[in-house]
Amino acid sequence: MVTDPIADFLTRIRNAIKANHRIVQVPASNIKKEMTKVLMDKGYIRNYKFEDDDKQGIIKIALKYNPQNKQSAITHLERISKPGLRKYAHAGDLPRVLNGLGVAILSTSKGVITDKEARTEHVGGEVLCHIY
């Protein structure tokens, strides 16, 4: 049993990038599915597919690499809010990752969205991770 499934999700992606894998499989959950959709919308991954098995399901993520230098689109993944210390941000105090070049993923009352979307909708929430 994993105590922090979001950290496990990020670590699997981070390890697959370091090993230059094209596809990574992670156990599915609703929040991981929403985070995967955000990664796809922001262009950090090439594609994804949700596969249903008899258990909880699997998310297959196709990672995105630059064809010239074979460098990943994701250079850094960092878990912010942890089970032992939750980090919340009000609508006016939302973090800016790399001065707006990166993305902070938040869990809000409107669903799992990025920091930029949360600013436009004027909602705060739990800061799950930073990606750039």
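Here is a short back-and-forth about how the labels on this predicted model come about.

User: Let's start with the whole chain. What makes it as compact as a globular protein of its length?

Analyst: First the make-up: the chain has three helices and eight strands, and along the sequence they run α-β-α-β-β-β-β-β-β-α-β. The radius of gyration is 15 Å, and the globule rule gives 14 Å for 132 residues; those two values are close, so the chain is as compact as a globular protein of that length. Along the principal axes, the C-alpha trace spans about 40 × 40 × 25 Å.

User: How much of the chain is buried, and how many of the contacts join distant parts of the sequence?

Analyst: Buried residues are 41% of the 132. Take the contacts between residues at least 6 apart in sequence: 61% of them join residues at least 24 apart. As for the surface, about 7800 Å² is accessible, and carbon and sulfur atoms own 49% of that.

User: And what about charge: how many positive and negative side chains are there?

Analyst: There are 22 positive and 14 negative ones, and the centres of the two sets lie 7 Å apart.

User: Why is histidine 130 called buried?

Analyst: Buried means under 20% relative accessible area. Histidine 130 comes in at 16%, so the label is buried. This histidine is in strand S8, residues 125-131. Setting aside neighbours within four places in sequence, histidine 130 touches His76, Leu77, Glu78, Ile80, Pro95, Val97, Val103 and Ala104.

User: What makes aspartate 115 buried?

Analyst: The same test, with a value of 2%: that is under the 20% cut-off, so aspartate 115 is buried. Aspartate 115 lies in helix H3. Again without the neighbours within four places, the residues in contact with aspartate 115 are Leu94, Pro95, Arg96, Val97, Val103, Ala104 and Leu106.

User: Three of those numbers fall in S6, don't they? How do you know that strand S6 is mostly covered?

Analyst: Strand S6 covers residues 103-108, and five of its six residues are buried. That is the basis for calling S6 mostly covered.

User: How do you know that S6 pairs with S8, and which residue of S8 is the bridge partner of leucine 106?

Analyst: Pairing takes at least two bridges between the strands. S6 and S8 have six, in the antiparallel sense. The partner of leucine 106 is valine 127.

User: What makes S6 and S7 a pair as well?

Analyst: Four bridges, against a required two, link S6 to strand S7 (residues 111-114), again antiparallel. Isoleucine 105 stands opposite threonine 114 in S7. The link between S6 and S7 is a hairpin through two residues.

User: How do you know that S2 and S3 pair, and what sits in the turn between them?

Analyst: Strand S2 is residues 45-51, strand S3 is residues 58-63, and six bridges join them in the antiparallel sense. That clears the minimum of two. One facing couple is isoleucine 45 and leucine 63 in S3. The hairpin has six residues between the strands, and glycine 57 in the turn shows a positive phi of about 100 degrees.

User: Which residues have a positive phi without being glycine?

Analyst: Leucine 98 is one of them, at about 50 degrees, and histidine 122 is another, at about 55 degrees. Leucine 98 sits in the loop between strand S5 (88-89) and S6, while histidine 122 is in the loop between helix H3 (115-121) and S8.

User: Why is histidine 122 called exposed, and why is leucine 98 called partly exposed?

Analyst: Exposed means over 50%, and partly exposed runs from there down to the 20% limit for buried. Histidine 122 has a relative accessible area of 60%, so this residue is exposed. Leucine 98 has 45%, so partly exposed is the right label.

User: Last one: what makes lysine 33 partly exposed?

Analyst: A relative accessibility of 26% puts lysine 33 between the 20% and 50% cut-offs. So lysine 33 counts as partly exposed. Lysine 33 belongs to helix H2, residues 30-41. Not counting residues up to four places away, lysine 33 touches Ala28, Phe50 and Ile59. Valine 112 is 79 residues from lysine 33 in sequence, yet the C-alpha atoms are 9.6 Å apart in space.

Notes
Residues numbered from 1 in each chain as written. Predicted model: local features only at pLDDT ≥ 70, side-chain atom pairs only at ≥ 80, totals over all residues. Heavy atoms only, no water. Rg over C-alpha atoms; globule rule 2.2 N^0.38 Å. Buried < 20%, exposed > 50% of the residue type's maximum accessible area, 1.4 Å probe, protein only. Contact = heavy atoms within 4.5 Å. Areas by Shrake-Rupley, 256 points an atom, 1.4 Å probe, with all protein chains shown as cover. Lys, Arg positive; Asp, Glu negative; His and termini not counted. Charge placed at Lys NZ, Arg CZ, Asp CG, Glu CD.
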